[in-house]
Every structure is written in structure tokens, then in C-alpha cells.
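User: Could you take a close look at a single residue in this model, and then work outwards until I can see how the part fits into the whole? A long, connected answer would suit me well.

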Amino acid sequence: MGVDFHLPRLITLCGVTAVTIVEVDARRRADLAEKFGARNDVQVLPALPQDGRYDIAVIATPPRLHAPYVEELKLRCRQLLIEKPLANDLAGALAIAASLADAPCQAFVCHIRRALGSFALVRELRQRGTFGRLRSVRLAEGGVFNWKAASIGSFSRQLNGGGVLQDTGPHALDLLCQVFTELSLQRSWMDADLTRGARAIEANCVLHLRGDDQVPVALALSRNRNFSNRAHFQFEGAELTLDVRDNSLSLRLDDGVGVQGVALGGPLQRLEYHELFDAFYRRFIVAGDNRGVAMGDALRVAHLIDAAYARAEAMTGGF
Amino acid sequence: MKVAVFGGSGFLGYDFVRLALKEGGVTPVVYSSSAKSLSNVARHEVDIRLYPSAEPASVTLDEDVDLLINFSHPFERRDGISGYTQVQRFADFVGAARRHNPRLRLIHTSSMSVYEPFAPGHEFDERASLRAPRHDRYAREKICAEQALLALPDAASWQLHLRPTVVYGPFCGVWTDRIFEAFMAGDVDYRDLSGRIQPLYGEDLSRLLLGAVRNFRPGIYNVPGPETLRWQEFMGAFAALVGHGRLRHRAEGGGAQTWIGFYTSNLRELLHAVRREPAFNRIALRIARHLPERSVLAIRDLLLGRGERAPRNVEARGSDEYMRAFFAEDRLVSAAQVMRDFPDFKPRALSACADDLGRYYRYRYSDDQFVEEPAHG
């Protein structure tokens, strides 16, 4: 699946002239070979070649497998893009970050929503006090899972480290990290029993966090519910509502006056997922700028996810 | 007791797995052919195994599995294999498993659709002949599946076939979510909702299945709900829960869709689906660069609709869905045999399930968190 998103950007935006796809599964490799067989610029291999250098390497495997590929590639590429989450647990994320600390490559984590401008705008508005003090934040992101998953990875605690929190969680937490310098976990709830056995993974989770100035933040994520996919920032003098998947926002002042629009400094409003991917590639990979999507940013998210799993309480009311 | 559950991640399969885990005493092993549908079942401490639907023979049942429940039903061409071939391969797999383990029993969830075409006012019983219309692929494949399984040696002694009627409940796409979504989108047009049905709540079917797992008895049974309702009453209950759109009668022919409208709306729906493909915009832009701007805008308006966008969360359902003649026809089966042989089967009326459905509606379509709200500063 990662191929469908990364390969077009590598060729059209980064100007890559030859791509090597590594796929260990024979069945999926056959599908890829059929898909790209007619192209001279793409080859599909069962394993990473022992030698050779790359301008850009992309690691889009289940997160448990990120670390060994990082080790194999960190000295052989100029830019290294790692899909989120960085690893399937905090220890793995710390190990990858440590391994890359002295590596010559420029490392990026695929937090594509850094390409949005709207959440950075909220940070500015909060810091300037434009609408008074920020009182609370609610963010809900969820939809019925329909990703064309290539394997059981997204539903395997062993491979993915968890469920929805490891899936859309890094994106949603990264949005909040764009707003707050400090973000700490207060409580968390999951709808899977993570303490009994080793298989169950959550389809839903709720995190209660505290941002700068003790602002309460409620984050709900789901893989089987249809959420609004919006973040509500309640200021003293206004409510700002942001779409979490594109750049649109609406502002409603206390007296009911409001406006809908698009934040400047990011791509335009109505983004499909692939357009956001384009924007991410342009802003970070093509520009060679990993500020906001570097290992430190990924670790911040990994710490919050780790705390949420460690302190998870049972969520009731599900089906 | 360990049970192999094929299709255990779909609507009926998951409902059964959830109930079995809650009640205890049964350990389901879920076999699924798609990772897309695992969100619900993966929440539970259950063994999930993916298998290619076109190659069920690649599955080896655990030695301690003596019961196989099948919820899966192939209804589309996969991996170049037709639904009928998939059905036959699944039956061959079950036959081979039975030869390997003579203690193996099968519960197969079939459908009332095997009685297509239905007759007004007539309650079909289990002896009715099965001859679905040639164009009704779903019904024909359901019949094909039953017949292929029943053709296995000595089938009558180790197979239980259940033919449920219209089943609704949490995570049911066609008879629950789509109806909710239609009313959420606004008023729902209908031409004739006078057809009668015997709706069955999913959990009630699961309870019957769980009872059959514990006290297996072979046979073929219709499984209707406890009451006979018109579609209008059934849909009305969903409208009341949503509290938004209403049922709106549209006279026969009055607002009937022209053939141009039919193709345009379907083409637009297709285009909205294709747009989600990563390559669409790139290719479309490449083409657009070679065309005059006015032409591009005209084509865009025609194909995608003027200023219209497909909602990203809940797909808009065409209100014409409920204009079909299907909803004017009675679909009734006899409950006599299942009531006689399964006296503990006590399905609930729609009104008794309304609270559950309402809670599910809130769960499925709101941001409610079902946990304590944070103290706002």
C-alpha cells in the first residue's frame, strides 16, 4: 500500500529516475511485478540488496520491522523517510532515534499533517492571545477502517504495537504537538483489554491530556465509528474548529459572528489524502528540511502513546 | 469448545464471536479473507487468521476443532475467480476437513434469499423449491452454496443450515447503517414500502447459533423475526432514532429518474470513488492542461457535479435506493420448524431493540466519547 503513495511522489516530485521496491511476501511481490513489470525505472526485489546507495530510502513496513531496515540503510542513503509510527513501542523508537543520531542521512518521519497550516495558526493565535485564553480542546478522528491493508499488520499488536492509537494516533497527536509546547497525558481509555493476553488491539481510544497552561485536551480516535474529524479549540472569546485532515477551519466569535476559510501557509482547503502527501513531500523531502518531522518530533509522540497504553483504562459502551 | 468461524469479522460473524466471548465456553478461531474488516474482532482476545478466499484449501483446521461455522459468502469475483467457483472450492475444503476429522460438524448461515422470487402473502417453508431468477446472482450463489455443501457425503447428519430473514443490528451495512445514513442525509424518498418482512435482530440470531453450538442438531431452518412488519414501519423506526430526515412518498413515475439521470448519477458516484485513487488527480491534471479551461470546467461539472463533493465520512446514499420495487414485495417465511425444534429461540420485536439501536446510532455516528468529560479550565 505504501508503494501507491510514495512511488508517484518519488518519481514526479523528487525526480527519482530508478526505484527499487523490496517486498518480502511472494504473493504481493507478484502483484507488484505485474503492476510495474512494463516499466524500466522500477524493479521489485525480495530483499534489500547488500550494497548500493540511494538518494532517498522509504521504510513503509509494519513498524516492528523499521529498525532493521534503518540499520541497513542509514549509511547508504542521503534522505531516509520512515512511516509513522516510528516503531511499535517506545523502546524501539528510542533505539531508532539513537541509531540515527550520528548517521549522515537526513531522517524524516512521515507525519504528513505537518504540511497543514491550520494547527500552526492556532498556536500563533493562542500565543498572541488573539481570542483570549484557550480553555479546552476536543479532537475526534475516526472512520470505519477501509484502508487497503496489504497484511494483517495493522491489526497485530506484535507487528503494529497496537490499534488505532498506533495507526491514526501519531497523526492526531502530531497535530496537537503543533499547537502545544507541553503536552502530557492525564488518563486514557481503550476498548480492548490490553492486560490479558497478547492479541487484542483497540478500535477506539480516548486520551485526556494537558497542554500548555494546563489546558484540557480530549482526544478520541476510532477505527469503527464515524467521527466528525474535527478539532474544536474553545477560546475565551471564540471557538475555532479545524478539520483534522485538511486545511479548512471555521471561527465563531462569542456573539455568533463567524467565518469559514483556509489557513495560509499550507496547501489549499479541500485536500484528498494524496494531495496532502504531495504537500508533505514538497515541503519537507524536496526542500530537504526536516524541521517538525525529525526524530525528536516522532519521539514526543511515541512518549505520549507509550504512556497511554501503560495507563489505559477500560472503555465501556462499545459494541 | 474451539470453533472455526469463517467470515467471523463481518456483521453476523462478529456479532456471533462477540456473544460467544461474552457468554464463555466457546473459543472462536476467526478466519477472514480481508484485513479491511478486522477492526471490530481485533478488539478481542481472539485468534485471527487471514486466508485467501479463492484458496480455502490453504487452511488447515486445528486438530481440536470439531465445529465449523460459516458466515462468509463470496459474492464478487476475486483474484479472477467467480463466486460459483469460490463456493465450490469452499465446499471441497469442508468436505476434505470432514474426511480428515469425521467428528467435524458444520453450521452454515444461508439466507431467505434462496426463496427468490417471493410470492405475496405466502410464507415459504423449508421444503419450498429453490429456483432463483437467473439475474439474481446473490440468491443463486446462496443456493449454490447450500447445494454444494449438502451434496457432501452424509450431509444431513452433520450440517445445520440456517436461513435468516432481514437481519439488522450493530455493524449491519445494508439494513442498519445505510438506513441511518439515508435519514442523516435528509428526507428519504420511497414509492411503495408496503412489502412485509419479519426483521430479526442480529444478536437474536447469534443466540440461536450459540445454542446450536452447545446442542448441535442438523437440519435446515428458516429463521424469521418474531413479528411481521411493513418496510414502512421498519424504516420509520430508524427515522425516529435519527430524528432528522423523514420518509417522503414520491408518486409512481412522478420523479422517476430518466436514463440520462441514471447514468449521470452512477457515473458521478463512480468518479467520486475513483478520485480517491492517488493517481486520479495527477492524470486528470495532465489531461486538463491540454484542454481549454471552459471545457475542463464543463467536464468537471458533468462528471463530478457542480460544486458537489462526496462527503468524506458518511457516503451519501442515493435516496432512490428505497424507490425500488423490492420494497413493495412480501418476503415471508414460516417459523414453525425453528420454533418447534429450538424452543429457547425467543427473538425480540423491533420495538424491544430500539434502545440498543439508538445507543448504536450514537456510537456509530457521533463524537460522544463514552468516558468522563474532562474538567474544562
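Analyst:
**One residue and its surroundings**

Let's start with L219(A): once its neighbours within four places in sequence are set aside, L219(A) is in contact with L139(A), A172(A), L176(A), V206(A), L207(A) and L209(A). Please keep in mind throughout that this is a predicted model.

From there, the next step out is the core. The largest nonpolar core has 168 residues, and L219(A) is among the members that touch the most others, together with I82(A), L176(A), C205(A), V206(A) and V5(B). Two names on that roll, L176(A) and V206(A), are also contacts of L219(A) itself. Another name on it, V5(B), belongs to chain B. Within the core, the largest share is eight residues, and these come from helix α10 (residues 295-310) of chain A. Both domains of chain A take part as well: domain 1 (2-112) and domain 2 (113-268 + 290-314) each give the core at least three residues.

That brings us to the domains themselves. Chain A is assigned domain 1, residues 2-112, and domain 2, which is made of residues 113-268 and 290-314. Taken over C-alpha atoms, their centres are 26 Å apart. Where the two domains meet, domain 1 of chain A puts in 20 residues and domain 2 of chain A puts in 24. On the domain 1 side, α4 and β5 (106-109) of chain A each supply at least two residues, and α4(A) gives the largest share of that side, with five. Sorted by class, that side of domain 1 has 13 nonpolar, three polar and four charged residues.

α4(A) also helps to locate a backbone feature. The peptide bond from K84(A) to P85(A) is cis, with omega near -10°, and P85(A) is in the loop between β4 (77-82) and α4 (90-101) of chain A. Chain B has a cis bond too, joining E116(B) and P117(B) with omega about -5°; here P117(B) is in the loop between β5 (105-109) and β6 (123-124) of chain B.

Elsewhere in chain A, strands β1 (residues 19-22) and β2 (residues 42-45) run parallel and are joined by four bridges. T20(A) stands opposite Q43(A) in β2(A). With helix α2 (residues 26-36) of chain A, β1(A) and β2(A) form a β-α-β unit that is right-handed.

Now to the meeting of the two chains. Chain A brings 51 residues to the contact and chain B brings 35. On the chain A side, α1 (2-12), β6 (134-142), β8 (204-211), β9 (216-222) and α9 (273-286) each supply at least two residues. Of these, α1(A) provides the largest share, four residues. The class make-up of that side is 21 nonpolar, 18 polar and twelve charged residues.

Two of those strands, β8 and β9 of chain A, are linked by a loop that contains Q214(A). Q214(A) has a positive phi of about 65°, although it is not a glycine. This residue counts as exposed because it has 9 C-beta neighbours inside 10 Å, and 12 or fewer is the limit for that class. In chain B, F370(B) is likewise not a glycine and has a positive phi of about 60°. F370(B) is in the segment after α11 (350-365) of chain B, and it is partly exposed, with 18 other C-beta atoms within 10 Å.

For a buried counterpart, look at A263(A), in the loop between β13 (258-262) and α9 of chain A. A263(A) has 21 other C-beta atoms within 10 Å and is therefore buried. Leaving out residues up to four places away in sequence, A263(A) touches G117(A), S118(A), L121(A), N247(A) and L249(A). L121(A) is 142 residues from A263(A) in sequence, yet their C-alpha atoms are 7.0 Å apart.

Finally, a word on the partner chain as a whole. Chain B has eleven helices and 15 strands, and 37% of its 377 residues count as buried. Among the contacts in chain B with a separation of 6 or more, 80% are between residues 24 or more positions apart. So that you can return to the starting point, recall that V5(B) is listed with L219(A) among the core members that touch the most others.

How values were computed:
Residues numbered from 1 in each chain as written. Chains lettered and ligands numbered in written order. Predicted model: local features only at pLDDT ≥ 70, side-chain atom pairs only at ≥ 80, totals over all residues. Contact = placed C-beta atoms within 7 Å. Nonpolar A, V, L, I, M, F, W, Y, C, P; charged D, E, K, R; others polar. Core = buried A, V, L, I, M, F, W, Y, C linked by C-beta atoms within 7 Å. Buried ≥ 20, exposed ≤ 12 C-beta atoms within 10 Å, placed from the backbone. Domains from an automatic or database assignment. Pairing = 2+ DSSP bridges. Right-handed = clockwise from strand over helix to strand, strands pointing away.
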